[in-house]
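Trainee: Could you take me through one part of this structure slowly, strand by strand? I would like to see how the pieces sit together.

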Amino acid sequence: MSEFIVHSIPGSPFGRAVLATLEEKGAPYRLSPVAPGTLRSPEHLARHPFGRIPVMEHDGFSLYESQAILRYLDRVLPDPALTPSDPQRVAHMDQVLKKALVIEDPDSLFRNNLVESQSKDEPPAFSDKVEDVPTSDILPQ
Ligand SMILES: N[C@@H](CCC(=O)N[C@@H](CS)C(=O)NCC(=O)O)C(=O)O
C-alpha cells in the first residue's frame, strides 16, 4: 500500500477526521503541514481551488473536501469498514457527517446561500435544531 499524503493545518477538525480515518485503517500516511498564511499561494491553490485544507494525495491522485476523502479511504481501505451496510444506518451516518460539516463550518451555509435572512455574526445554532444520532446507530457492529 503506497503512502497517503495529507496536506492540512495541524489541529484542523476536517484534517483530523482524515488522519483519524487513516489511523483507524492502519494505513501508511504522512501529514504535510500547511502554514495558515499560505492557503492562497499558487502552490496550494493548485491543490485546492478554494484555498482550504485538507487535501489528500494517493498514488498521484489528488482529492479535496474531507467527506469525499473519507468515503474514498473507506473504499480503497475496506478493512475495517467504517460505513455500515444497512441503508438506514448509512443514512444516519450521512446525517451526522452533514451536521458536523455545518457545525464546524457554519459559514458554508452563507457561502452556499442556504441561509439568507440571518446575520453572518450570528451563525445558526444547528446543534439545537438537529437531534443527536446515537453513535451505536452508526459504528459498525
Ligand atoms: N468543506 C471543507 C471545509 C474545509 C475547511 O473549512 N477547512 C478550514 C480549516 S478547518 C480551512 O481551510 N480554512 C481556511 C479558510 O477558510 O481560509 C471540507 O470538509 O474539507
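Mentor: Here is a walk through the strands, followed by a look at the ligand and one loop residue. Keep in mind that this is a predicted model.

Let's start with strand β1, residues 4–8. Of its 5 residues, 4 are buried, so the strand is largely enclosed by the rest of the structure. What lies beside it? On one hand there is β2, which runs parallel to β1 and is joined to it by 5 bridges. On the other hand there is β3, residues 55–58, which pairs with β1 in the antiparallel sense over 4 bridges.

His-7 is a good residue to click on, as it has a partner in each of these strands: it stands opposite Ser-32 in β2 and opposite Val-55 in β3. You can then look at Ile-5, whose bridge partner in β3 is Glu-57. While you are there, a general point may help you read the picture: in a regular strand the side chains alternate between the two faces of the sheet.

How does the chain get from β1 to β2? Follow it through α1, and you will have traced a right-handed β-α-β unit made by β1, α1 and β2.

Now go back to β3 and move on to its other pairing. Strand β4, residues 61–64, pairs with β3 in the antiparallel sense, again through bridges, 4 of them. One of the matched pairs here is Met-56 with Leu-63 in β4. The two strands form a hairpin with 2 residues between them, and in this hairpin Asp-59 takes a positive phi near 55°.

Next, the ligand. There are 13 residues around it, and those that come nearest are Ser-12, Phe-14, Arg-52, Ile-53 and Ser-66. Two helices, α1 (13–25) and α3 (66–76), each supply at least two residues of this shell. By character, the shell divides into 6 nonpolar, 4 polar and 3 charged residues.

Let's finish with a loop residue, Arg-40, found between β2 (29–33) and α2 (42–47). Is Arg-40 buried or exposed? A residue counts as exposed if 12 or fewer other C-beta atoms lie within 10 Å of its own. Arg-40 has 9 within that distance, so it is exposed. Leaving aside residues up to four places away in sequence, Arg-40 touches Leu-45 and Gly-51. You can also find Phe-50, 10 residues apart from Arg-40 along the chain, with 8.2 Å separating their C-alpha atoms.

Technical notes. Residues numbered from 1 in each chain as written. Predicted model: local features only at pLDDT ≥ 70, side-chain atom pairs only at ≥ 80, totals over all residues. Buried ≥ 20, exposed ≤ 12 C-beta atoms within 10 Å, placed from the backbone. Contact = placed C-beta atoms within 7 Å. Near = placed C-beta within 6 Å. Nonpolar A, V, L, I, M, F, W, Y, C, P; charged D, E, K, R; others polar. Pairing = 2+ DSSP bridges. Right-handed = clockwise from strand over helix to strand, strands pointing away.
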